Amino acid sequence: MDYLVIIGMDIWYDKKGPDIVTKNSKSLIHPFIVKGHKGLTINPYQGCQHRCGYCYATYEWSPQFYDKIYAKSNAAEVLENQLKSWKSETIEPVMVSSATDPYQPAELRYELTRKCIDVLQEYNVPYYIFTKSTIISRDLSLHQRYKDNCFIV
């Protein structure tokens, strides 16, 4: 019988779960430009457990990207402070977790995405979320009450 051998799979996939540690963040909201489109992003987590094959934020940039997840424990407070001191009258829509899935398993424990969504809604900031996780179902009512200012895929 022939077997398919995938070279380098051990780099991409490890059967044990990632280590999850907390850290404080100095800033949370950051500008980005992709193919001429400007926007803002927040990432309450650094690293991602999903290991999507199409992810651009891979272990090539950070060798521990899949194996060590950092939960930015002060994310909501930092976000609120940044929005309080926002200089412009307008704000671009915010991509929630551009480099990670905002509803990866760590969210069940830390609820950082949920807390940041509360802050974005409090300051009337439009946002969008891309996720492959069913954990988002926990927050559907939160997003539903803001349905005219959020986009979820």
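A residue is taken as buried when its relative accessible area is under 20%, and Asp139, at 0% relative accessibility in this predicted model, is therefore counted as buried. Asp139 takes part in a salt bridge with Arg114, in which the side chains meet at 2.2 Å, N to O. This contact links distant parts of the chain, since Arg114 belongs to helix H4 (residues 112–122) and Asp139 to the loop between S7 and H5, 25 residues apart. Unlike the buried Asp139, Arg114 is partly exposed, with a relative accessible area of 27%.

Asp139 also forms a salt bridge with Arg138, the closest N and O atoms of this pair being 2.8 Å apart. Arg138 in turn meets the side chain of Glu107 in a salt bridge of 2.7 Å, N to O. Here too the pair links distant parts of the chain, with Glu107 in helix H3 (residues 106–110) and Arg138 in the loop between S7 and H5, 31 residues apart. Glu107 has 0% relative accessibility and so counts as buried, whereas Arg138 is partly exposed, its relative accessible area being 27%. These contacts belong to a network of salt bridges in which Glu107, Glu111, Arg114, Arg138 and Asp139 are linked; for the structure, the count of salt bridges comes to five.

The loop between strand S7 (127–129) and helix H5 (140–144) also holds Phe130. With a relative accessibility of 41%, Phe130 counts as partly exposed, and together with Phe151 and Val153 it forms a nonpolar patch on the surface, for which the accessible area of the three residues together is about 300 Å².

Turning to the strands, S2 (residues 29–34) and S3 (residues 37–42) are paired in the antiparallel sense over six bridges. Within this pairing, Ile33 stands opposite Lys38 in S3. The hairpin made by S2 and S3 has two residues between the strands, and Lys35 takes a positive phi near 50° there. Strand S3 is further joined by three bridges to strand S6 (residues 94–96), and these two strands run parallel, with Thr41 standing opposite Met95 in S6. Strand S3 is thus paired in the antiparallel sense with S2 and in the parallel sense with S6.

Key
Residues are numbered from 1 along each chain as its sequence is written. This is a predicted model: local features need pLDDT of at least 70, side-chain atom pairs count only at pLDDT 80 or more; totals for chains, interfaces and linings use all residues. Side-chain values use heavy atoms; hydrogens and water are left out. Two strands pair if DSSP finds at least two bridges between them. Helices (H or I, at least four residues) and strands (E, at least two) are DSSP runs, numbered from the N terminus. Patches are made of residues with over 30% relative accessible area and no salt bridge: like charges are joined within 9 Å, nonpolar side chains (Val, Leu, Ile, Met, Phe, Trp, Tyr) within 5 Å. Accessible areas come from the Shrake-Rupley method with a 1.4 Å probe; for residues, only the protein chains shown count as cover. A salt bridge is a side-chain nitrogen of Lys or Arg within 4 Å of a carboxyl oxygen of Asp or Glu. Buried means under 20% relative accessible area, exposed over 50%, partly exposed in between (1.4 Å probe, protein chains only).
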